[in-house]
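Let's take a relaxed walk through a protein fold. Have a look at the sequence and the picture first, then read on.

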Amino acid sequence: MLLLVFAPLWGAWAQLQQSDRLEIPTSSSSSEQFEVFSLGERGILSVIRGNEFSNRNEQWEFVKYDTTLKALWRTSYKLDFRYIPVMAYKADESGYWLFAEPDTDKFLFLQLNFNDGSIDTYKGNLLSGVDVQHFKVIGSKALVSGYYRSRPVVIVHSFFDHTTRVLPGLFEKNTELNNVDINEIDGYINVITYAYRKKNCVFEIKTYNYDGKLLKKTTLSDPRYSFISGQIVPLNPNDSYLIGNYSVGCTQYSQGLYVTHISDDTPEEPQFIEFSELQNFFNYMKPKRRARVLEKIGKRKSLGKENRFRYRLLVHQLIQTEKEIVLVAEVYYPNQRSTSPIISGGISRPYVARALEGYRYTHAIVCGFDRSGKFIWDNTITIKDLTSFDLQEMVQVTPVDDYFVLAYPQEGEIHTEVISRNKVVVETEKFKINPKSEKEKVLNNEDGYLSPWYGQYFLAYGMQRIGTSSVVQGREVFYVNKLTYKTDEIGKIEAKEEASRPGHQP
């Protein structure tokens, strides 16, 4: 495909540039679904699922592109109609897809080698009727976790000898799976659960070795607060940090963030950071409303009363740099009922939409911790009128030079903001996603997604109807845009603003 380099079409200080673009025409003879997986500096992988009306089997086409969006290889797989896709997982060298035959215990695993596009498949008998929540691969073993008869279960299946076992100590009532974390370096499997026991909420981490043997159990419990989520930051095989969000009482409404150090299986006293202690958490509100809320919070604190917040948080995977650990979380609310999209925008998410409602996002918080686990800064990006069919990460945060670029897609545009820790250095800007040909224009946008790629590069992808005029029907394409954010001018802009301030001494 021909690639065209676009010159920036925006304001003088706009730094987001659209360089390469890939357009894949949709098929009129089949129903199609489209996915994009970032492979970092090795490129991207696109997956198109097509079900031709004359064939019961579903055709899956995998294409790897380099960083200029030039095709390197393509391969296809015809999926037996008896199987349905469940989840996907991206490892370093391979991608894995999990398929299930409904109402049976038969599962199919597909492994795609990113280097040459070779495909291997493995069949296994797991448990019939498992409601799958997580799917990951460690070494030559698949971890399939979810609920069986309303109780949590983690199944380990070996691709080599086709053996299947269930991890012990998890099949308990009133228990929810929070996450399954794998430590490939040490060969550990950490299963994080949230349980309601005797009017208390207990947050536990059970650590297993590669063979599925339970090694240790770490329990977090506090008389005042409940731990909603937690991500492990390993320091060495015996020490780690746990960072997440917490609530007052056994609810899913977040009160703030916490961080705790765990030595072997013993957690230290957590540091709780209430939302009101964050410098910028309420910046998404209009100034008058923000002032009223802060005044109310201050009055309650002066009277010795505890504040209660009702925020739902979608916490991202932690961003780790050499000097700090960055937590990103989006605040959302359930919204209108909706149907499943035909564009999928993420890795390790269920293929079957579980939510009957859509979700509305209000803002995202970005918080920094130093490498010793101490909270040091926070910031916020406001999200206006953004909804999603299912609950997924919409705001992407990418470290570029000494800044963080915050961005999210909405109706064919990319909204960006640039921060330097707790300071906003470039206010919110909007950029349009343009067609490849200057003679065409976008007639309609559907299901836009954004994800970090590598360095300062982003991927924007989705479906557009494009044409030369709004009076014609145009054509539908799946698109992938390579975007880059240039931070070179930011320092110069700041220096000019500083020099123009009254009283400045050169």
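Over how many bridges do S7 and S8 pair, and in which sense? S7 and S8 are antiparallel partners, joined over seven bridges. Two strands count as paired if DSSP finds at least two bridges between them, and strands here are DSSP runs (E, at least two residues) numbered from the N terminus. One bridge links Tyr96 to its partner Gln111 in S8.

A quick word on the source: this is a predicted model, where local features need pLDDT of at least 70, side-chain atom pairs count only at pLDDT 80 or more, and totals for chains, interfaces and linings use all residues. Residues are numbered from 1 along each chain as its sequence is written, and side-chain values use heavy atoms, leaving out hydrogens and water.

Now zoom out: S7 and S8 belong to an open sheet of four strands, in the order S6-S7-S8-S9, with antiparallel pairing. S6 and S9 are the edge strands, each pairing on one side only.

Next, the nonpolar cores. Such a core is a set of buried Ala, Val, Leu, Ile, Met, Phe, Trp, Tyr and Cys residues joined through side-chain atoms within 4.5 Å; buried means under 20% relative accessible area (1.4 Å probe, protein chains only).

| Core | Residues | Members include |
|---|---|---|
| Largest | 34 residues | Leu98, Phe109, Phe135 |
| Second, separate | 26 residues | Phe282, Leu313, Ile325 |

S11 (141-148) is one of the strands that each supply at least two residues of the largest core, and its five residues are the largest share.

Finally, meet Asp20, in strand S1 (residues 16-25). Asp20 is buried, because its relative accessible area is 10%.

Key
Buried < 20%, exposed > 50% of the residue type's maximum accessible area, 1.4 Å probe, protein only.
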